[in-house]
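Reader: Hello! I am new to this structure and would love a close look at a single part of it, the place where two helices pack together. Could you walk me through that and then show me a few single residues?

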Amino acid sequence: MKRRQEQLQAFDRLLTIMDELREQCPWDKKQTMESLRHLTIEEVYELGDAILDKDLDEVKKELGDVLLHIVFYARIGSESNHFDIADVCHSICDKLVERHPHIYADVKVENEDDVKRNWEQIKLKEKGTSSVLQGVPKSLPAMVKANRIQDKVAGVGFDWEHPEQVYEKVEEELAELKVEVDKGDVDKMESELGDVLFSIINYARFLKINPENALERTNKKFIQRFQYLEAKSQEINVPLSEMTLDEMDVFWEEAKKV
């Protein structure tokens, strides 16, 4: 209970500082929801980086940045009497209670899949729509969007039964891509490549692997190894552009062991 009081006091301190900045700081006074939007997206990506790096100190700092933005939007909303931070908190609390009837009502669930199905069905009723895909943001990056689409349709039972079936679909799509590659039709190649990527993302879901995290992990690994290659190139005073692939491969293999 003492810690809860400290948490509430810390949040109250943030709200107070936000009020002071909005009233006194020239930069903060000028901001709108639109001007903050791209900064918020950047902060969320930085939080994602810290999470993937497993840097908990950095996660703490980035969470603070994201929280600041939430408080900032709420402050702006209060100035036009549309909503304030209390309304924001009550809104998410009401949603959580409504979408967890197995906790706050008498609905019975057996597992995580039951919870997800209930969530999607309740969400459809709330929004008054017949499409489970209507809630997928149009501006999501394509890989994240594909993952969300697959997750949502699976929530209403449109899904494969076994991972092996999904893997077979990946192989099928790869074969179809190869056919179009051999024909050389770029438009059809692009279409088939999209199908390959979509099926691989679906397979990742069955493996309980987030494809975005997996790809970013590989990105980071590649960057680390390539920068090692660049450093070795400088050590021996030979530009990368003048090294053979075999020479580069020696350093690349070394980088894997670092």
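Author: Happy to help; here is the helix pair, followed by some cysteines and a few loop and helix residues.

This is a predicted model, in which local features need pLDDT of at least 70 and side-chain atom pairs count only at pLDDT 80 or more, while totals for chains, interfaces and linings use all residues. Residues are numbered from 1 along each chain as its sequence is written, and side-chain values use heavy atoms, with hydrogens and water left out.

Two packed helices are described by the angle between their axes and the distance between the axes. Here the pair is α1 (residues 2-24) and α4 (residues 56-79), whose axes come within 10 Å and cross at roughly 60°. Helices are DSSP runs of H or I with at least four residues, numbered from the N terminus. Axes are lines fitted to C-alpha atoms over the stretch in contact, and angles run from 0 to 180 degrees between N-to-C directions. α1 and α4 are therefore oblique to each other, a word for angles that are not under 35 degrees (roughly parallel), over 145 (roughly antiparallel) or 65 to 115 (roughly perpendicular).

Which residues meet? From α1 come F11, L14, L15, M18, D19, R22 and E23, and from α4 come L67, L68, V71, F72, R75, I76 and E79; contact means heavy atoms within 4.5 Å. By class, this contact of α1 with α4 has 9 nonpolar, no polar and 5 charged residues. Nonpolar covers Ala, Val, Leu, Ile, Met, Phe, Trp, Tyr, Cys and Pro, charged covers Asp, Glu, Lys and Arg, and the others, Gly among them, are polar.

Now the cysteines. The whole structure has 0 disulfides, a disulfide being a pair of cysteine sulfur atoms within 2.5 Å. For C93, the closest cysteine sulfur is in C89, at 6.4 Å, which is too far for a bond. C93 is partly exposed, at 41% relative accessible area, and C25 is also partly exposed, at 23%. Buried means under 20% relative accessible area, exposed over 50% and partly exposed in between, with a 1.4 Å probe and protein chains only.

Just before α4, the loop between α3 (33-52) and α4 holds K54. K54 is not a glycine, yet its phi is positive, about 55°, and the residue is exposed at 69%. N237, in the loop between α11 (211-235) and α12 (245-257), has a positive phi near 60° and is exposed at 67%.

Methods. Helices (H or I, at least four residues) and strands (E, at least two) are DSSP runs, numbered from the N terminus.
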